[in-house]
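Colleague: I have a structure open and would like to learn how to read its helices. Could you walk me through it?

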Amino acid sequence: MISVSRLLCGAKYYGDSLRYKHDAGCQRNGTTAGHGPVVVWNTTRTCNLRCLHCYSSSDDRIYDNELTTAEAKNFIDDLAAFNVPVILFSGGEPLLRHDFFALAGYARSKNIRCTLSTNGTLITPEVAAQIKDIGVSYVGISLDGIGDNNDRFRGRKGAFDAALSGIRACRAIGQRVGLRFTINRHNIDQLPDIFKLIEDEDIPRVCFYHLVYSGRGSKMINEDVSHTQTRRAMDLIMERTQDYHRRGLNKEILTVDNHADGIYIYLALQKADPARGERVRQLLTANGGNRSGIAIGAVDWFGNVYPDQFTRQHVLGNIREKSFADIWQNSSHPVLQGLKDRKPLLKERCADCRWLDMCNGNFRTRAEAVYGDFWAPDPACYLTDEEIGLAVRT
């Protein structure tokens, strides 16, 4: 994640302690010796929606052989022993899992911070109260447009209104909640409307995701935005973030899944505010860029372990056979070990980029989806050759 609010305005939020950590004993990418990664746990594949970009290709049906409650609790025990700081409960739709509240409560009893990624359509006032009571620290609710545009993208009429009701239910009782929005050609023109929505509804946080070509999202490669459109979107996100800050509105604005964003912000600040730009350079270097296989991992409903929730073509192991800690520390898996020290493996633009210490090669799954090579350049990098230093060297 790139905290636009932190980089542009100096605003500090809870997640910054993981993104920009540089205390004694802390390594690059926010990892700390003796600690496991943030874990995205896709607790079920079942979902009541059918989103066009769903990386887990979820659907409204029951899937056999998902982890039992006992297996899930054993898994949580393993994560606690491995000092995993955060579990992000995801899906499918995690609220459709019958034991969600029991599992989240159990994780909290093990002192693991719990967050929830949901489509929000099932969050009634009663459900919101349960979420708050068990100690879920944050609820991220996905919207990918306004009104009918969201409903078309998410495969169900009324999904927008239901998700907005879920956000309002959380806000009404003081449950920390935010909005998640995946930028693509179908909704990029609604970015101003999303900013209006978060102001009108007093939503304190929004994450703008870049499209990753995984699951059903792998069919949307030709529906991603162009580099020019991405730059325009970033210009708008930066302008609105600074506008909120000037007006004293406490809104945390982040972008996700494209580390070119941080460098784009840095390059803009180099011209407008060099002192601030230097501080941003330090923060981005401390962060270290993409964390897949380093400070973030994923586990699915069957117990399969992945470098992140989108890189499902590379299975690292299964928690029914080995502990998550043993799988994560396996020094013989080529993809996992490659991700932990990827610079010698990266190719072409990524290998020669002057900002590699800040980006770490960006998102490998997009590269493999487009070029068939896991270590090829990320096609979603919108920085020019001149900006990354190639034009200077040739």
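Modeller: Sure, let's start with a term: buried means under 20% relative accessible area, exposed over 50%, and partly exposed in between (1.4 Å probe, protein chains only). Keep in mind that this is a predicted model, where local features need pLDDT of at least 70, side-chain atom pairs count only at pLDDT 80 or more, and totals for chains, interfaces and linings use all residues. Residues are numbered from 1 along each chain as its sequence is written, and side-chain values use heavy atoms, with hydrogens and water left out.

Colleague: Okay, which residues are buried in helix H5?

Modeller: Helices (H or I, at least four residues) and strands (E, at least two) are DSSP runs, numbered from the N terminus. In H5, residues 125-133, the buried ones are Val127, Ala128 and Ile131. They sit on the same side of H5, because their arc around the axis is only 100 degrees (taken from the directions from the helix axis to the C-beta atoms).

Colleague: And which exposed residues does the face turned away carry?

Modeller: Pro125, Glu126 and Asp133.

Colleague: What covers the buried residues of H5?

Modeller: Contact means heavy atoms within 4.5 Å. The cover includes helices H4 (100-109) and H7 (159-172), plus strands S4 (113-118) and S5 (138-142).

Colleague: How do I describe two packed helices?

Modeller: Use the angle between their axes and the distance between the axes. Axes are lines fitted to C-alpha atoms, for helices over the stretch in contact, with angles from 0 to 180 degrees between N-to-C directions. For H8 (residues 191-200) and H9 (residues 227-246), the axes come within 11 Å and cross at roughly 25 degrees.
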